[in-house]
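Biologist: I'm new to this one, so could you show it to me and walk me through a few spots?
Modeller: Sure, have a look first and then ask away.

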Amino acid sequence: MDFRVLHTDGNARTGRLALARGTLSTPVFMPVGTMGAVKAMSPHELLDVGAEIILCNTYHMYLRPGQETVAEAGGLHKFISWDRPILTDSGGFQVYSLSPLRKISEDGVTFRSHIDGSAHFIGPRESIEIQRTLGSDIVMAFDECTPYPSTYDYTLKSMALTTRWAEICLKTVEKPQTLFAIVQGGVFKDLRLQSARQLKDMNFDGYAVGGVSVGEPKEIMHEIIGYMASELPSDKPRYLMGVGFPEDILAAVEAGFDMFDCVIPTRTARHGTLLTTHGRIIIGNSRFRRDHTPLDSDCGCYTCLNFTRSYLNHLYKAGEILGIRLNTIHNLFFYLDFMKKIRAAIEQGRFSNFKSDWLSAYQMC
RNA sequence: GUGGGCAUAGCUCAAUUGGUUAGAGCACUGGACUGUGGCUCCAGUGGCUGGGGGUUCAAGUCCCCUUGCUCACC
């Protein structure tokens with residue numbers, strides 16, 4: 001892995017992240033394909049909307065179909081027919097999101113499958129080994145995503161556990177896979193800084209900030225975004241996990257983050273919310289029934305070039321699969337195009353203006 | 001023609017021996033979604049209980065008439 005910062009504009013920066021299977025232009029957005037599929041999208045369509053890397057999930061691939069099945073198929077890239085980079089999340093988030101089913105100990109997490117209730121154990125060693133078997137390009141350290149709200153005491157213990165697990169992950173990972181650490185520390189600045197310092201000393205390939213956008217007030221998340229990026233090494237990729245809405249990404253890029261993933265474009269597409277340069281549109285609203293104009297006349301995606309709001313409204317209300325597909329194509333294209341515009345603005349040293357112009361246009365509908 | 005059954009929200013149906021403001025699902029309207037188990041979740045609009053008369057403190061519920069649908073038998 002080779003990471004190089006190309007341009008800076010304040011704390012915002014563009015870069016190139018070279019991996020064996022491809023080079024990413026940062027700031028980059030990674031569509032989420034939890035179960036080895038970006039919901040509703042074929043790999044071909046992902047390339048069309050401009051995806052350079054996708055995210056898959058260790059926990060889900062482990063439970064089904066199982067990493068051995070994937071290995072038999074020749075690895076995750078072959079299995080899902082995507083030859084570009086894949087980042088695998090470690091399963092740490094599922095410790096949080098499926099918390100009623102799990103128990104955390106020093107060695108890892110015992111949990112029950114949400115599919116069939118069977119008992120399983122994943123710790124840092126297991127997570128890295130599964131990710132090795134899957135053959136992902138960027139491996140995430142196994143962490144505990146500290147819930148919100150949590151007490152200072154619990155957050156401290158959880159953060160320290162994540163740090164100890166990170167050390168085990170570092171010892172377990174093998175080249176050429178690259179390993180990113182995950183900073184925790186909840187909403188407490190001193191714990192966040194302590195977590196970052198400890199992980200920096202271990203020298204990972206990249207650094208992620210986790211444990212945000214887990215239900216805390218938006219102002220708190222933005223506060224964390226604001227001070228966190230500059231605490232991470234400037235010569236390594238900085239990844240803000242699970243974020244976010246376009247306005248969150250703008251704030252994070254401004255602070256110096258390079259990588260993002262979020263289910264917002266894909267999930268909201270399925271639920272009928274579409275993002276445009278003029279703001280959000282809820283396509284099922286009756287006012288679009290006879291709106292025979294494109295979804296976003298400024299957008300160059302397949303959906304906007306070929307279909308109308310009226311048709312998308314009809315497909316949504318009728319529950320047609322095509323509606324979900326066209327909506328997802330648009331939202332992903334919108335996000336990836338948004339990142340392209342962000343990179344151009346940074347290169348030209350006008351990110352700050354771009355941000356305010358973009359935000360004021362986004363309020364218009 | 002005779003006898004029985006049914007009529008409750010746009011649709012399909014609930015509503016204790018008559019007992020508070022007649023409910024639900026779907027549809028409709030609006031909203032939510034931040035390292036994705038879940039085309040999901042939340043909220044709202046919508047009723048002269050087919051029509052008319054009667055009994056009762058009280059009727060969707062009981063009685064009579066009427067209209068429409070339906071089944072059985074002539």
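**Helices, odd angles and an RNA strand**

Modeller: Keep in mind that this is a predicted model. Let's start with helix 9 (residues 218-228) and helix 10 (residues 246-255), which pack with their axes 8 Å apart at an angle of about 25 degrees.

Biologist: Are helix 9 and helix 10 roughly parallel or roughly antiparallel to each other?
Modeller: Their packing angle is about 25 degrees. Angles under 35 degrees get the parallel label. Helix 9 and helix 10 are therefore roughly parallel.

Biologist: Which residues of helix 10 make the contact with helix 9?
Modeller: Helix 9 goes past helix 10 in a right-handed crossing. On its side, helix 9 brings H222, I225 and G226, and they meet three residues of helix 10: A251, A252 and A255.

Biologist: How many charged residues does the contact of helix 9 with helix 10 have?
Modeller: By class, this contact holds four nonpolar and two polar residues. The count of charged residues in the contact of helix 9 with helix 10 is none: no charged residues.

Biologist: Now helix 13 and helix 14: is the crossing left-handed or right-handed?
Modeller: Helix 13 (residues 309-318) and helix 14 (residues 321-347) have axes that come within 7 Å and cross at roughly 130 degrees. That angle makes helix 13 oblique to helix 14. As for the hand of the crossing of helix 13 and helix 14, it is left-handed.

Biologist: What classes of residue does the contact of helix 13 with helix 14 have?
Modeller: Helix 13 supplies L312, L315 and Y316, while helix 14 supplies L322, G323, L326 and N327. No charged residues take part. By class, the contact of helix 13 with helix 14 has five nonpolar and two polar residues.

Biologist: Which residue follows helix 6, and what is its phi?
Modeller: Helix 6 (residues 124-134) has buried residues that include P124, I128 and L134. Right after helix 6 comes a residue with a positive phi. That residue is G135, with phi near 85 degrees.

Biologist: Is A40 exposed or partly exposed?
Modeller: A40 is in the loop between strand 4 (28-30) and helix 1 (43-49), and its phi is near 80 degrees, positive although the residue is not glycine. Around A40 there are 19 other C-beta atoms within 10 Å. Being buried takes 20 or more, so A40 is partly exposed.

Biologist: And S81: is it buried or exposed?
Modeller: S81 also has a positive phi without being glycine, near 60 degrees, and lies in the loop between helix 4 (76-80) and strand 6 (86-89). It has 9 C-beta neighbours inside 10 Å. With a cut-off of 12 or fewer, S81 counts as exposed.

Biologist: Which residue does a cis peptide bond join to K175?
Modeller: Omega at this bond is about 5 degrees. The partner sits in the loop between helix 7 (152-172) and strand 11 (178-183). It is P176.

Biologist: What is omega at the cis peptide bond that joins V243 and G244?
Modeller: G244 is in the loop between strand 13 (238-240) and helix 10. G244 is also among the closest residues to RNA strand B. For the V243 and G244 bond, omega is about 0 degrees.

Biologist: How many polar residues does the surface near RNA strand B have?
Modeller: In total, 45 residues surround RNA strand B, with C145, S213, G242, G244 and T266 the closest. Strand 5 (54-57), helix 5 (92-97) and helix 11 (264-270) each give two or more residues to this surface. Besides 15 nonpolar and 10 charged residues, the polar count is 20.

Methods. Residues are numbered from 1 along each chain as its sequence is written. Chains are lettered from A and ligands numbered from 1 in the order in which they are written. This is a predicted model: local features need pLDDT of at least 70, side-chain atom pairs count only at pLDDT 80 or more; totals for chains, interfaces and linings use all residues. A residue is near a molecule or strand if its C-beta atom, placed from the backbone, lies within 6 Å of it. Helices (H or I, at least four residues) and strands (E, at least two) are DSSP runs, numbered from the N terminus. Ala, Val, Leu, Ile, Met, Phe, Trp, Tyr, Cys and Pro count as nonpolar, Asp, Glu, Lys and Arg as charged, and the others, Gly among them, as polar. Axes are lines fitted to C-alpha atoms, for helices over the stretch in contact, and angles run from 0 to 180 degrees between N-to-C directions. Angles under 35 degrees count as roughly parallel, over 145 as roughly antiparallel, 65 to 115 as roughly perpendicular and the rest as oblique. A crossing is left-handed if the near helix is turned anticlockwise from the far one by less than a right angle, and right-handed if clockwise. Two residues are in contact if their C-beta atoms, placed from the backbone, lie within 7 Å.
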